[in-house]
Amino acid sequence: MKKRPVIGIAGTLSEPPVSSAFQDIQRDFTNEAYTTSLVEAGATPILLPSVVSEVVALLSLCDGILLPGGFDIDPDLYAQERSPLCQKTMEDSDLFQLELLRSAYTKGIPILGICKGCQLINIHFGGTLFQDLSLSGEKGSVHATKQIDTPFFHTVTLQKESKLHTIFGSSTLEVNSFHHQGIDLLGRGLVATALCEDGFIEAIEQKSGPWCVGVQWHPEAMMMTSKGMLPLFSAFVEASKPL
Ligand SMILES: [Mn+2]
């Protein structure tokens, strides 16, 4: 039997819950939406702890890399002064995930970035973010809701001849939206392959190198109630199959 591709999910560092006896020890976590989405798509997921010195060894275990959603990215990493609208950041997580991305891209390992992961791909290639969408000077800057029980959805238009267009076989897609930041200037070699009608970039693809796609929405959360996003995970897992 052929081995299932192993997908490394970058861990996210976070403070422990208040119930923990070890309040000064951070945790490295992922969530079940990422792991079950990958399993359904035919992969074996593993959680990669945020140990920057072990990136090369961790990558040697992986056929593909998933960069998940998370806290805001430290604006230092895209050479901007921190805006008061920038929220909580965890620089150690950012540095680990950027090193993982750099190393994976260099080795030709497929990469799927989700929400923050999409923004990290943009920053890695020299792009920038709006630290809050309201700073874009455009209307329609609301891409999140505080009511967790009523997720916010909007339509995106997929660019023809993009990977996403091929994957979904459609030029529009209904996606959820949980982000207060977004891509401003695109990084080198990246193409905006999904746009919201207000003009914000909702997905990017790298033209050269390994399969490298970032989506601003949360396909793994959508997978908890429908299979509509399975083609995206399946395409990523297929691209990650060892030759
Ligand atoms: Mn959105």
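This is a selection-by-selection tour of a predicted model.

Before selecting anything, note that residues are numbered from 1 along each chain as its sequence is written. Because the model is predicted, local features need pLDDT of at least 70 and side-chain atom pairs count only at pLDDT 80 or more, while totals for chains, interfaces and linings use all residues.

**Whole chain**

Start with everything selected. The protein has seven helices and 13 strands; helices (H or I, at least four residues) and strands (E, at least two) are DSSP runs, numbered from the N terminus. Its radius of gyration is 17 Å, close to the 18 Å that the globule rule gives for 243 residues, so the protein is as compact as a globular protein of that length. The radius is taken over C-alpha atoms, and the rule is 2.2 Å times the number of residues to the power 0.38. Along the principal axes, the C-alpha atoms fill a box of roughly 50 × 50 × 35 Å.

Colour by burial next: 41% of the 243 residues count as buried. A residue is buried if 20 or more other C-beta atoms lie within 10 Å of its own, exposed if 12 or fewer, and partly exposed in between, with C-beta atoms placed from the backbone. Of the contacts between residues at least 6 apart in sequence, 68% join residues at least 24 apart; a contact here means C-beta atoms, placed from the backbone, within 7 Å.

**The sheet**

Select the nine strands of the open sheet, in the order β4-β1-β5-β6-β13-β12-β11-β8-β9, with mixed pairing. Two strands pair if DSSP finds at least two bridges between them. At the edges stand β4 (44–48) and β9 (172–176), each with a single partner strand, so one side of each has no neighbour in the sheet. From one strand to the next, the twist averages 25°; axes are lines fitted to C-alpha atoms, for helices over the stretch in contact, and angles run from 0 to 180 degrees between N-to-C directions.

Zoom in on β5 and β6, which run parallel and are joined by three bridges. Leu-66 has Leu-112 in β6 as its bridge partner.

**Helices on the sheet**

Add α3, which packs on the sheet and touches β1 (6–10), β4, β5, β6 and β13 (212–215). The direction of α3 makes about 150° with that of β5.

Then add α4, which lies across β5, β6, β11 (190–196), β12 (201–206) and β13. α4 runs at about 120° to β6. Nine of the nine residues of α4 are buried, among them Lys-116, Gln-119 and His-124. Gly-126, with a positive phi near 95°, follows the helix.

**Two positive phi values**

Select Cys-115, in the loop between β6 (111–114) and α4 (116–124). Phi of Cys-115 is positive, near 55°, although the residue is not glycine. Cys-115 is buried because 24 other C-beta atoms lie within 10 Å.

Now go to Ala-79, in the loop between β5 (64–67) and α3 (91–107). Ala-79 also has a positive phi, of about 55°, and is not a glycine. With 9 C-beta neighbours inside 10 Å, however, Ala-79 counts as exposed.

**Last stop: His-165**

Finish at His-165 in helix α5 (residues 163–168). With 17 other C-beta atoms within 10 Å, His-165 is partly exposed. Beyond its neighbours within four places in sequence, His-165 is in contact with Leu-158, Gln-159, Lys-160 and Ser-171. To gauge the span, draw a distance from His-165 to Asp-63: their C-alpha atoms are separated by 24 Å, and the two residues are 102 residues apart along the chain.

Notes. Contact = placed C-beta atoms within 7 Å.
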